[in-house]
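Colleague: I'd like a close look at just one part of this model, the salt bridges and the residues they join. Please keep it friendly for a first-year student.

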Amino acid sequence: MTIRVLLVDDQPLLRTGFRLILEAEPDLTVVGQAGDGKDAMEQTRALLPDVVLMDIRMPGVDGIEATRRIVREAAPSAHVPKVLVLTTFDLDEYIVEALRSGASGFLLKDVPPDELVQAIRVVAAGDAIVAPSVTRRLLDRFAARLPSAYEQAAPARLDRLTERELEVLRLIAKGMSNAEIAAKLVVSETTVKTHVGNVLTKLGLRDRVQAVVLAYETGLITPGALS
């Protein structure tokens, strides 16, 4: 299987560097490049990439809005592109909005080539590339700026979960892997995978990254709550 990638960044030199890295891999091919969000949306419709590598800060339509529209437009169809957002981390507090908008995770712009390649493969396979622990650090930093869009809906949403599923959600939000959750709860890893799947389905979430974001938004987890 060849993974089709669309590169989106307003810096041509950076796009060229990414393209050289990706096309050196036998299972990756760059099907197009875009310099802003508007062009990214148009090329996504035309080229149907598997993964969109999306910058945040671009002229015109930025990466957040482009991500939101790409995911929303593709949702009813059989082909849903995965979006990996590029960030400088220290500057892009709006990455939280990108994750909420449907991005499958984020990468630092200075990501090592092997990590970039692996990230694209993981996301294309349907998983989230951002480790929950990394997302937690980001949310701890910017939690005060999170809008309270889910304040009223939060109790009703969480009421859909059983006590065990709620416990699993807390552990996901604390950055634990399935193996770590299994050890803590003294259950099998297969059982944990079932619980995680149930949590995502009941809450209408795409992946573990969005589960972490929701845990913050609903107040289930608060900044710095590691215990």
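Modeller: Here is a walk through some of those salt bridges, ending at one annotated residue.

First, the ground rules: this is a predicted model, where local features need pLDDT of at least 70 and side-chain atom pairs count only at pLDDT 80 or more, while totals for chains, interfaces and linings use all residues. Residues are numbered from 1 along each chain as its sequence is written, and side-chain values use heavy atoms, leaving out hydrogens and water.

A salt bridge here is a side-chain nitrogen of Lys or Arg within 4 Å of a carboxyl oxygen of Asp or Glu, and that rule gives 11 of them. Take Glu25 and Arg121, whose closest N and O atoms are 2.9 Å apart. Glu25 sits in the loop between α1 and β2 and Arg121 in helix α5, so the pair ties together parts 96 residues apart in sequence. (Helices are DSSP runs of H or I, at least four residues; strands are runs of E, at least two.) Arg121 is partly exposed at 27% relative accessible area, between buried (under 20%) and exposed (over 50%), using a 1.4 Å probe and protein chains only.

Arg121 also meets Asp27 in a salt bridge, at 2.8 Å from N to O. That pair links parts 94 residues apart, with Asp27 in the loop between α1 and β2.

Elsewhere, salt bridges that share partners join Asp9, Asp55 and Lys109 into one network. Asp55 lies in strand β3 and is buried, at 2%. Setting aside neighbours within four places in sequence, its contacts (heavy atoms within 4.5 Å) include Val8, Asp10 and Leu86.
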